Amino acid sequence: MVSDTLEQLSQVWEWAVEQVTIAAGAALGFDPTTVVPWAQLIAALLAIVLTSFGLLNLWQRIGSQRRKLLVDYLSTEEKRLDEKRTDIARRLQVPRKRNEKLEPMNVDAALETAIRYHEAGKFRKAEAMLERLYTAVDDRKTIAGRQAEVAKLQVAAIHLFRGSMLASQCKPLDAIRQFEEALSEVPNDFEARRYIVEQYLKLVSLNPVLRVGYLQSANNALSEFTKRAAADPLRVVEGKMLQGLIYEAQVSLGNAHQTLVSAAEEAKITSDQLLIAQVNEHLGRVCEYPNLEYWKVAKEAYQSAAAAFQKLDRIEDQDRMIQCFQRVSERQAAQSKSAASRQLSIPIAMPPPVKDPKLS
């Protein structure tokens, strides 16, 4: 659309210049009282002025559209990074690189022009120049601010990526450092805070000697997570899930079971399938502990996790939950069979024989 308009204005410009040349020659070659050549000259000059104004207006429109497109792009990029953050860290995907650059602007030259207008007494022109300069600089300030926000998200995503790679290599301390770097860029990065809690819990299992310190660090990280997540129902459920995992690491299995049951109920309300799957997977595992052996709850939890993974089209995870369900069913059947066998093996107590007094 813009290119078609530009082409049409260019054609009008070429026609007007040609008419000026013809009309000027005709006017100079005829008597000044001759009306037609002069009228043609004036019409051609007027066409040039109007066409110049049209080209200037079109160029301003192009600049405005370019600024709008850049702002729209930055908004889209910011939203895309925010939505895909978990997927970047969990599936170890590198975020796309962006290299947006602002066009240079000679602010000093524009100010110098405005000063010259002012010194020449052309106050309206000076004011108009300053107003245009302010608008242009303010636009760039807005765009630069959005670029800085997107850059922070990109840097945080890179740290999440590095931390996830280190976590997969069983280097939890190094992974925690990367997640903390992500938080230095984006303090409300809930994924980074969640991963820090999870890595401290991994350290508890890897180094039992320092488990008390690592559990305290996990609790501190969870406390910060919970404080920032108070207004987000989804994050509140995540916080409960993490609390259940900490109880599990502390071998407080009753508390772990109750907390995860509550989290599973609240996860259903959020309709977040990934969260539903994760909470129910943890609940099923806790219910399998020898001190609990809540077989029915475990089977229901694994079924819910499998259904959620199926909706997410994560077939391998779905199959894994089905295998967990089958394992629980087998353990439950074996336990029932063992209990029945023990009951059959208990001897029946017989009363002592009664002596006949006649025989004595």
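This section describes helix 4, its packing against helix 5, and the surroundings of Ile 176 in a predicted model.

Helix 4 comprises the 46 residues from 123 to 168. At a rise of 1.5 Å a residue, a helix of these 46 residues should span 68 Å, and the C-alpha atoms at its ends lie 67 Å apart, so the expected and modelled spans agree. After helix 4 comes Cys 170, which has a positive phi near 60°.

Helix 5 is formed by residues 172-185. The axes of helix 4 and helix 5 are 8 Å apart and meet at an angle of about 170°. Because angles over 145 degrees count as roughly antiparallel, helix 4 is roughly antiparallel to helix 5. On the side of helix 4, the contact is made by Lys 152, Val 155, Ala 156, His 159, Leu 160, Arg 162, Gly 163, Ser 164, Leu 166 and Ala 167. Helix 5 contributes Asp 174, Ala 175, Gln 178, Phe 179, Glu 181, Ala 182 and Glu 185. Taken together, the residues of this contact comprise eight nonpolar, four polar and five charged ones.

Ile 176 also belongs to helix 5. Its relative accessibility is 3%, and Ile 176 therefore counts as buried, the cut-off being under 20%. Although Ile 176 and Gly 163 are separated by 13 residues in sequence, their C-alpha atoms lie 6.8 Å apart in space. When neighbours within four places in sequence are set aside, the residues in contact with Ile 176 are Ile 196, Gln 199, Tyr 200 and Leu 203.

Conventions:
Residues are numbered from 1 along each chain as its sequence is written. This is a predicted model: local features need pLDDT of at least 70, side-chain atom pairs count only at pLDDT 80 or more; totals for chains, interfaces and linings use all residues. Side-chain values use heavy atoms; hydrogens and water are left out. Helices (H or I, at least four residues) and strands (E, at least two) are DSSP runs, numbered from the N terminus. The expected span of a helix is 1.5 Å times one less than its number of residues. Axes are lines fitted to C-alpha atoms, for helices over the stretch in contact, and angles run from 0 to 180 degrees between N-to-C directions. Angles under 35 degrees count as roughly parallel, over 145 as roughly antiparallel, 65 to 115 as roughly perpendicular and the rest as oblique. Contact means heavy atoms within 4.5 Å. Ala, Val, Leu, Ile, Met, Phe, Trp, Tyr, Cys and Pro count as nonpolar, Asp, Glu, Lys and Arg as charged, and the others, Gly among them, as polar. Buried means under 20% relative accessible area, exposed over 50%, partly exposed in between (1.4 Å probe, protein chains only).
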